[in-house]
Amino acid sequence: MSAADLRTGAAILRALSAASATHLHAHALKLGVLPSCLHLCSALLKSYASSGRVAAARQLFDEIPRRDVPLWNALVSAYARSGHLRHALEAASSMAHDAGARPNGISITSLLSACAQLKSPVHGRELHGYAVRNVVDLDLPMLNALVNMYGKCGRLADARMVFSGMGDDMRSAVSWTSMINACSENERPIEALEVFEEMRIAGVKVDEVTLLAVISACAKLDCTSSLGDWVEQCALDNGFLQNTRVANALIHMHGKIGRVRRSCEIFDSMVFRTVVSWTAIIQALAMNGHGVAALVRFVQMLREGFHPDEVIFLSVINACGHSSLVNEVRQLFKSMVQEYRITPWIEHYGSMVNMLCKAGALDEAFEFVLAMPVKPDPVIWRVLAGACRDHGNASLARRVMDHVISMEHDHDGNYILASNLYAADEDWRRVIDVRLDMGVRKGTSGGAIAASYVEVNDD
């Protein structure tokens, strides 16, 4: 490709699709095109940013002597998309001094997206104020970004204010979806469905993203079968019932409200399945206590050539654990580590301990915890301690409580649990010691000293 070819936007895009940004960058340097060709610089910046190579994007930017506003916007967007909000704000601040122009709507929209991603309402409000003062017309992408940012940052009233200010004639499907998500994410699922109904009345075409937002809101409700049927009918009416992402969401929603049969029907009717589809059906079966069925689906998934991930293993381990399939859980955990080389999360270890405790295998559970390559969290120790209490294993309970209290010596619940354990074993000396330790700790920290009392009838 010649130097002249690299000066047109279409040729740059073709080159970026055919080779890596690094190779194109090197080729352009040899031809002497950089850094004078701003179109190419901007394309390279975006390519580096999309692949997470922010340092390379910044180095390229610093080598360009003459920067225009679109190039600055490319840098701001690169930082914003990569979650480097502070660097994005610093770049926007430097923009006016270097380029002689203030950040425009494109810059602000990118920054608002970063604020939403990082849940930073302070910076988001500052950007909103800057836009009102300095941007003549707040365009639709910026207004949508404001609704999304306020929703993600927990400022639902501000999101409503921006949304209401748009007017019905200006709102797009993105606007409505942003408002639906804002309500749902702030634990207002009923309001989210009300916004969706307003959207339908307004005659706005429902897309896949909108349906996913509505299904998510329904899943957060203790919804009835009729509501589940209603949202599924909406998917059917808009031609999305065979959409893989929508079907996955419907499987999860029906599973959450206990309609496992419907989850299985949707799953079985799917033309194209992904790992997420298998995860959704296994979770639906797991949360409703169908451990054997979940294990069957897991085996079916393996036979169809899908590679299990951490989430699927966690779901099927929980499902089998709830159904007391102890040996199966042991095999699953072993397969995950040895066959699939997956590093367990703390949740996997917790599920294993919980399963062993329910099965009464307390010594095995204790040895399992001690052998963990990661530090057990206090929750795991408390589960084991509670199991020792339920099964009357006082000697193991003492060893476990020593670990629990040493890890969280400021947690009141640990002392109460220890006291109850020793009381159940009628070890009153240890009960007194624990109560005294808790009282001393409370007294030195300025809190109320724990005490027990008995009312005596003086008559």
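Here is a short tour of this chain, from its overall build down to a few single residues.

The model you are looking at is predicted. Its chain is built with helices and no strands: there are 26 helices and zero strands. Of the 459 residues, 46% are buried. If you take the contacts with a separation of 6 or more, 57% of them link residues 24 or more positions apart. On the outside, the chain exposes about 23,100 Å², and carbon and sulfur atoms supply 53% of that area.

Next, the repeats. An unreviewed UniProt entry places the feature "repeat: PPR" at residues 68-103, 172-206 and 274-308. Two of these spans can be set side by side:

| Span | Distance between end C-alpha atoms | Helix | Strand |
|---|---|---|---|
| Residues 172-206 | 10 Å | 74% | 0% |
| Residues 274-308 | 11 Å | 74% | 0% |

Now for the pocket. The largest pocket holds about 240 Å³ of space. It is lined by 13 residues, and those closest to its centre are A92, S93, P103, L127 and Y130. Three elements give two or more residues each to this lining: α6 (85-99), α7 (105-118) and α8 (121-134). The biggest share comes from α8, which gives five residues. By type, the lining splits into eight nonpolar, two polar and three charged residues.

A charged residue elsewhere is worth a stop too: is E208 buried or exposed? E208 counts as buried because its relative accessibility is 19%, and the cut-off for buried is under 20%. You will find E208 in helix α13, which covers residues 208-220. Leaving aside residues up to four places away in sequence, E208 touches F240, N243, R245 and V246.

Finally, have a look at two loop residues. S324 is not a glycine, yet it has a positive phi of about 60°. S324 lies in the loop between α19 (310-322) and α20 (326-339). With a relative accessibility of 58%, S324 counts as exposed. Moving on along the chain, R341 also has a positive phi, about 55°, without being a glycine. The loop that holds R341 runs between α20 and α21 (346-358). R341 counts as exposed as well, because its relative accessibility is 69% and exposed means over 50%.

Notes
Residues numbered from 1 in each chain as written. Predicted model: local features only at pLDDT ≥ 70, side-chain atom pairs only at ≥ 80, totals over all residues. Heavy atoms only, no water. Helix = DSSP H or I, 4+ residues; strand = E, 2+ residues; numbered from the N terminus. Buried < 20%, exposed > 50% of the residue type's maximum accessible area, 1.4 Å probe, protein only. Contact = heavy atoms within 4.5 Å. Areas by Shrake-Rupley, 256 points an atom, 1.4 Å probe, with all protein chains shown as cover. UniProt positions renumbered as here; feature names shortened; annotations may be inferred. 1 Å grid on protein atoms, 1.4 Å probe; cavity = no way out; pocket = protein on both sides within 12 Å on 5 of 7 lines; lining within 4 Å. Points joined across faces, edges and corners; volume = space filled by probe spheres on them. Nonpolar A, V, L, I, M, F, W, Y, C, P; charged D, E, K, R; others polar.
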